[in-house]
Amino acid sequence: MPYLGSEDVVKELKKALCNPHIQADRLRYRSVIQRVIRHMTQGVDMSGVFMEMVKASATVDIVQKKLVYLYMCTYAPLKPDLALLAINTLCKDCSDPNPMVRGLALRSMCSLRMPGVQEYIQQPILNGLRDKASYVRRVAVLGCAKMHNLHGDSEVDGALVNELYSLLRDQDPIVVVNCLRSLEEILKQEGGVVINKPIAHHLLNRMSKLDQWGQAEVLNFLLRYQPRSEEELFDILNLLDSFLKSSSPGVVMGATKLFLILAKKFPHVQTDVLMQVKGPLLAACSSESRELCFAALCHVRQILHSLPGHFSNHYKKFFCSYSEPHYIKLQKVEVLCELVNDENVQQVLEELRGYCTDVSADFAQAAIFAIGGIARTYTDQCVQILTELLGLRQEHITTAVVQTFRDLVWLCPQCTEAVCQALPGCEENIQDSEGKQALIWLLGVHGKGIPNAPYVLEDFIEKVKSETFPAVKMELLTAVLRLFLSRPAECQDMLGRLLQYCIEEEKDMAVRDRGLFYYRLLLAGINEVKQILCSPKSDPSLRLLEDQAERPVNSWALDFNTLVPVYGKARWATISKCQGVEHHGPELPNTAAFPTSGPLIPAENKERVQELPDSGALMLIPNHQLTAECFEKTWLSLNVAHQQAFPWQGAVHPDTLQMALQVVNIQTIAMSRAGTQPWKAYLSAQDDTGCLFLTELLLEPANVQMQISVKQSEAGTETLKSFISVLETVIGTIGDIKS
C-alpha cells in the first residue's frame with residue numbers, strides 16, 4: 001500500500017533525476033537513485049520515474065547500473081509500453097566492453113517476466129555462452145534455464161542442449177556446475193541430465209577445483225552413473241575417499257551416499273565408510289547450527305538401524321544441554337536409547353532420570369518413555385527408577401510412568417510384582433485420559449495382586465457420569481469385568497451399577513454397545529466370559545512389540561543425505577507426491593509448508609503411504625479470500641450438496657490441519673481450538689471457474705468419524721467429486737497420521 005504523500009515523493013525524485021547539476025555529480029546522482037530504490041522496496045509506486053531511470057542506466061558506474069537494472073526488472077512487467085526501452089538498454093549493455101556490465105545486463109534481461117521477451121533474450125544468451133569472460137558464461141548458462149521456463153511447455157531446443165553439454169568441459173568450475181543445473185531444469189520432462197562415462201570421469205577429475213557447494217551438487221549428479229566394472233568402481237571410490245574428510249558436512253554426506261550406493265555389493269566397504277564419517281557426524285551433532293544438528297541426529301538414528309551401537313563409545317556426545325531446543329533434545333533421547341549397553345547403562349539411566357524432572361512436561365514424559373524402552377533389556381534398574389519417580393507425585397510424571405508400566409508388564413512379565421507394589425496411591429495424581437486408561441487396564445489385568453484394586457475402580461465408577469472420555473469408560477467396563485472374574489465378591493455390586501449406567505444412561509453408542517455386549521456375555525455364563533476376556537496372551541518371546549531386526553545398509557542408502565531421515569519415509573513420499581500441486585491442481589497436502597516445531601508424520605509408526613485419488617481437472621485459486629460475514633451469508637443461502645463421514649481417530653490438531661488445507665488452496669474461515677467438544681471447522685475454496693465450495697467439518701465427542709458437509713455455489717457433479725477427493729486426501733492423510 002503506497003505511503004501517504006507518495007505522489008509528492010515521486011515528483012520530488014523525478015525533479016531531482018532531471019536536474020543537470022545532480023546528474024553532473026556522480027555521488028549525488030547515485031544517492032537519488034538509491035532513494036528511488038528505497039521507496040520502491042517500502043511499497044511506494046515509483047513507476048512514474050521509469051523514463052528518468054532508464055536514462056540513468058547510461059553510465060560507467062557499475063553500482064548505479066545495478067540499481068537501475070533492479071528498478072527496470074521490477075517495473076518493466078507493469079509498464080509494457082515502456083518495457084521496450086528497458087530491453088533496448090539491456091541489449092545494448094550486453095555488448096559492453098566491460099564483462100561485469102555484460103553479465104549484469106544479461107542477468108537482468110533474463111529476470112524480466114513479461115510476454116514476448118524470449119525473442120529479445122535468445123541471441124544475447126547464445127552470445128553469452130561463447131563469451132570470453134567466465135562471469136558472462138555463468139550468467140548465460142543459468143539464463144538458458146530461465147528462457148526455457150519462459151517458453152513453458154514448448155519443445156526442448158536440441159542445439160541449446162548440445163551447447164550446454166559442450167560447456168561441461170569449460171575451464172571455469174562454476175560454469176560446469178551451472179550447466180548441470182540448467183540441463184537438469186531443461187530436460188526435466190526427459191528425466192534430467194544424462195551422466196555417461198566420459199562426463200562422470202570428467203566431473204570426478206574436476207571435483208577438487210570446485211567449491212563446496214559445487215562439490216555437493218556434482219556428487220548428487222554422479223549418483224546417476226553406474227560403473228561398468230569392479231575395477232572402475234574402486235577407481236572412483238579411491239577418487240572420492242578424500243571428500244569423506246571435507247570440512248563441509250554437505251560434501252561429506254554427499255560422498256558418503258555415493259560410496260554407499262556404488263558399494264552396494266560390498267557390505268564391508270559400506271561399514272568402513274560409515275566408520276570414517278563417524279567423526280564428521282559427531283561434530284555436526286554438536287554444531288551451533290540447530291538445523292544441522294537436527295539433520296545429523298536423524299542420520300545417526302538411520303545408521304543405528306543397521307549398525308546398533310555404532311556410536312556407543314561416544315554416548316556422552318548425545319547428552320542434552322539445557323539451552324537446546326525441544327526437538328533436538330527428543331532426538332538425542334531417542335539416540336541414547338539405542339546406544340545403551342552393559343558398560344554405559346548406569347550413566348545413561350542417571351542422565352535420563354535427570355530429564356524426567358525437566359520443566360518441559362513433554363520432554364520429561366519422553367525421558368520416562370525412553371527409560372521404559374531401556375527397561376526391556378535392563379528391567380530391574382529401570383523399574384526402580386520409575387517407582388521412585390512415582391514418589392514425586394506430579395501429574396504428568398505419574399501419567400507417563402503408569403503408561404510405561406502398562407507396556408512393560410506385557411513385554412516383561414517378570415516385573416509384574418514390582419509394578420503391582422508401586423501402583424497403590426498413584427490414582428490420586430492422574431487426570432489425563434491416557435493415564436487413566438493405563439491405570440485401569442493394570443488394575444483389571446493384574447488387580448489380583450493389588451489389594452486396593454476394587455476400591456480404586458469403584459472410585460472411577462462413582463465419577464463415571466462426569467467422565468468426558470468414552471475410551472476411559474470402555475476401559476473401565478473391561479477392567480471391572482476382568483477383576484470380577486478373580487475377585488467376584490468385591491466387584492459384583494459395582495459391576496452391576498456400571499452396566500446399568502452404561503446400558504440405560506450412557507449417550508455414547510460405543511460405550512453402550514460395549515456394556516450390552518458384556519451383559520449378554522454374562523448371561524451366557526462365566527466360562528464364556530473367561531474364554532473371551534482371559535484368552536491366552538501372545539508370547540513375549542515372539543518379540544512382536546519390540547524393535548525390528550537390524551536392517552541392511554542398502555535398505556536406506558538411497559534415502560541418505562535427503563530429507564527422508566528428517567521427515568520419515570512416509571511423510572517424504574507424501575511431499576514428493578504433491579510437488580506439482582501449483583501447476584497440476586491439488587493432489588495432497590504439501591508438508592513442506594508444515595511447521596517445524598514438531599513432526600507431522602512419525603514415520604517410524606507408518607509402513608505404507610496411502611495411494612491418493614486423482615483430483616481431476618479441478619484447479620483451486622491459491623489466493624482466494626472470503627470474510628466470515630460473507631461466508632455466513634452465503635452458507636445460509638445454499639443447500640447442502642454433499643455429506644460424508646471420513647474415518648478419524650484421536651484428537652484434532654488444528655494447526656496441522658489448517659496448514660495442510662492451506663497448501664491445497666482451501667481457506668480456513670473458523671476453527672475450534674484443540675480439545676473443544678464438539679470440534680468444528682468452516683472452510684472455503686474457489687475454483688478457476690468461480691464456483692465456491694463451503695465446507696463444515698464436525699467431530700463429535702468420542703466419534704471415530706469426521707462429518708463433512710459441503711455446499712456448492714454452482715451445481716457441478718464432477719467438480720464436486722474432485723473437491724471431495726482433495727478434501728478426503730487431506731483429512732485421510734492427517735487422520736492416518738494421528739491414528
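Helix H32 spans residues 569-577, and four of its residues are buried: Ala570, Arg571, Thr574 and Ile575. They sit on the same side of H32, because they cover an arc of only 140 degrees around the axis. The model is predicted. Beyond this helix, the briefing covers an open sheet of five strands and one cavity of 30 Å³ or more.

**Helix H32**
- Ala570 and Arg571 are buried in H32, as are Thr574 and Ile575.
- An α-helix has 3.6 residues a turn, so residues three or four places apart point the same way.

**The sheet**
- The strand order is S1-S5-S4-S3-S2, and the pairing is antiparallel.
- Strand S1 (640-647) and strand S2 (667-671) stand at the edges.
- Each edge strand has a single partner strand, so one side of each is left without a neighbour in the sheet.
- From one strand to the next, the twist averages 20 degrees.

**The S4 and S5 pair**
- Strand S4 covers residues 692-699, and strand S5 covers residues 705-712.
- Six bridges join S4 and S5 in the antiparallel sense.
- Leucine 698 has glutamine 707, in S5, as its bridge partner.

**The cavity**
- Rolling a probe the size of a water molecule over the atoms shows where empty space is left.
- The structure holds one cavity of 30 Å³ or more.
- The largest cavity has a volume of about 40 Å³.
- Its lining is made up of Leu204, Leu222, Tyr225, Ile236, Leu258 and Leu262.
- Six of the lining residues are nonpolar, with no polar and no charged residues.

Note on methods
Residues numbered from 1 in each chain as written. Predicted model: local features only at pLDDT ≥ 70, side-chain atom pairs only at ≥ 80, totals over all residues. Heavy atoms only, no water. Buried < 20%, exposed > 50% of the residue type's maximum accessible area, 1.4 Å probe, protein only. Helix = DSSP H or I, 4+ residues; strand = E, 2+ residues; numbered from the N terminus. Arc of directions from axis to C-beta. 1 Å grid on protein atoms, 1.4 Å probe; cavity = no way out; pocket = protein on both sides within 12 Å on 5 of 7 lines; lining within 4 Å. Points joined across faces, edges and corners; volume = space filled by probe spheres on them. Nonpolar A, V, L, I, M, F, W, Y, C, P; charged D, E, K, R; others polar. Pairing = 2+ DSSP bridges. Axes fitted to C-alpha atoms, helices over the stretch in contact; angles between N-to-C directions.
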